[in-house]
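Grab a pencil and work through these exercises with the model open beside you. Try each task before you read its solution.

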Amino acid sequence: MARYRIGKFAIDESRCLISSQDYEQIVEPKVMDVLHTLYLNKGEVVSQEVIFAKVWPNATYNPSSVQRCIALLRKALQEDAKNPQYIITHPKRGYSLEKVTQGQSKKLKSQHLGLLFVLLVSLIAIAWQLVPKQQDNAHFTQLMPLTSSELNEANLSLSHSGKYLAFVRGNKGSQQIWIKELATEREVRLTEDAASYYALGWSTSDNAIAFVKSTEQKQHLNTISIDLSKFQPLEQATVSVFNDTVVTSHHIDWHADKLYYIEKDKLNNDTRLVSLNLESKQKAHLLAATQQDWLLVNALSKDGRKVAMGIEAGQNKYRIDVLDLASKKIQTIAIIENGIQGLSWHPNNQALLISQRNQLINLELDGELQLISFNNYQIIRDAQYTPDAEAILMELVNVDVDIVSQTRATPDKLTKLVDTSSIDFLPVFSPDSTKFVFESHRFGLKQLFLYDNGKQTRIFANPDNHELFGIVWSQDARQVYTASKDTLFKIDLSSGTYETIPHGNHSFYLREMYHNQDAILVSYRAEDGQTFHPAKFDLTSLTLTPFTGSGKRLSCYGMDLDEQDQIYFSNSNEVFRVNSRGDIETVWQAANNDIIGISVSNQQLAVTMEHADTINFQRIDLATAATESWQLTQPKQHMLINSAHDLTEFLYLTEPNRTRKLVKLL
């Protein structure tokens, strides 16, 4: 890999590092590949098509992938896209990489010094009259650590003054709450009991913190007062004990004598926004989620007048609502996709900051969305502006999930097949069960890999980083299909190329390939938004035909097709079949609600059930009703995700290993 300089910046391609004397920035590998392509042709105009072909070989041309990398390069090189020094845009032709020398820079300055002085004086005069109370830093580029502990740190909460940071340090079951004075770097531990702590929130006067303490027995909502002059904890009190509900908020909002948070009903999983009066200990229900809505996160405005809510409102559909506490009116601000990992207010009360996977979004109350671009590969949680809006504090989470194999012949032996420091999941066996395709989130990108005889090969780079919904194999095992919200991707395994097939339907999840038709069995979200139905997606007409099952609550825990393309699917305790008339009939029922998967072959129905620490299997002959039962011991903290078609090999996911740290974006 090359090392070279661009202006004041040193480029180290092997480390994906761009640095100067007082600055360094790591960029994504694809971003560095784009810079490498420009450097090899420095001084020359390189078209977007040529860049794409070099960086994304065998992929369908998409200019937005190149444009995104160029934008990130400009940020890393600290240049203004409207007046670039290094990466020059040539409209309708492409980009070129230029190097500005010190001599050229000085000449430019001397030629325009008089004009710049006049403009500067004018701008200062105008700015003095029009300077806003809060001013956004539009060029967040540099990540800095907030603490230096080797332990996991999470659940950050910045005090209203911006002087103190509260957070949880430690691993599950052995956590403690700490506060840090940001100016002096001094820290103090507030709690003593080893437990799980989360949902922290400061009082308006910054002299107390509310938090949730969770043990095996109970969940408590507590407060603890703090002597800031001596920098030590004082009295701790229990405000509420939860029996039938649990707090699901990322943080507690505290204004005057009230606490605001989201709770979930243990019995029916309903969610609602509540306020708790600290004096009377009375709880008021401010908003209950209805139908498909699921309350995820909440944020109280700085003036205490409004509550913003992030709501899951359908398959890959998330709504941002704002509740006016005085009038009780609710306004929908925006609808977005790909999840919400945190929500907070801008100090000016006129915008919201959304944490979304590996990116940040600034949302104005008029609905305008603005991406805050910076180089990041990890999951962002609970980002929040500092009071002057000059920096953003956040939690970064790296999640490691591996793929492990267990066989029926040697059930006590586990073999780790895919082991990286990122999320590797959704393994799907080929029709002959000799290999599998899986999704991996390496470098923050959602890509597909083939695992074959111990070797991993990337088969789909997903250059636009779409959210993917399922994987299916063609019956001849030559192609693999995956889907985004509105496009199907047909991937040819021999050539490594893929075909895009747009469709006009809402998101659906790929489950199985039909045997005798050019179609895919999918699970499709019902109109109520809560349940999923089986549906057939025709690859020729691009039409979707759902099977709704009148009067039945069909959750599609498992789904398969027999050799005649009859559809079988299950909820947690029943297996159904769509007969030749299109009617839905029950073919088998479990004793308990523990079905996690089904498969059908040669009139044999195999049902997989999870119970305690075992995986139980039932094989039912659909012609004679004869049954065969056996079981495997489930590896601890492992999730069964896929089985070979003959039930001789099983693929598990390991328990997610999360590494959390607190950082500041400047």
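**Exercise 1. Find the residue in β27 that stands opposite Leu 353, then describe the sheet around it.**

Step 1: Leu 353 stands opposite Asn 362 in β27. (Strands are DSSP runs of E, at least two residues, and helices are runs of H or I, at least four residues, numbered from the N terminus.)

Step 2: Now look at the two strands: β26 covers residues 351-356, β27 covers residues 359-364, and they pair in the antiparallel sense over 6 bridges. (Two strands pair if DSSP finds at least two bridges between them.)

Step 3: Zoom out, and you get an open sheet of 4 strands, in the order β25-β26-β27-β28, with antiparallel pairing. β25 (342-345) and β28 (369-372) each have a single partner strand, so one side of each is left without a neighbour in the sheet.

Before going on, a word on the source: this is a predicted model, where local features need pLDDT of at least 70, side-chain atom pairs count only at pLDDT 80 or more, and totals for chains, interfaces and linings use all residues. Residues are numbered from 1 along each chain as its sequence is written, and side-chain values use heavy atoms, with hydrogens and water left out.

**Exercise 2. Is Tyr 23 buried or exposed, and what is it in contact with?**

Step 1: Place Tyr 23 in strand β4 (residues 23-26).

Step 2: Tyr 23 has a relative accessible area of 5%, so it is buried. (Buried means under 20%, exposed over 50%, and partly exposed in between, with a 1.4 Å probe and protein chains only.)

Step 3: Skip the neighbours within four places in sequence, and Tyr 23 is in contact with Phe 9, Ile 18, Lys 75, Ala 76, Gln 78, Thr 141 and Gln 142. (Contact means heavy atoms within 4.5 Å.)

**Exercise 3. Which element gives the most residues to the largest nonpolar core?**

Step 1: A nonpolar core is a set of buried Ala, Val, Leu, Ile, Met, Phe, Trp, Tyr and Cys residues joined through side-chain atoms within 4.5 Å.

Step 2: The largest one has 29 residues, and Ile 18 and Val 34 are among those that touch the most other members.

Step 3: Elements giving two or more residues to this core include α1 (29-40) and α3 (63-76). The winner is α3, with 6 residues.

**Exercise 4. Where does pLDDT stay under 50?**

Step 1: pLDDT is the predictor's confidence in each residue, from 0 to 100. The chain averages 86.

Step 2: pLDDT stays under 50 over residues 100-137 and over residues 550-554.

Step 3: Where pLDDT is low, don't read the predicted coordinates in detail.
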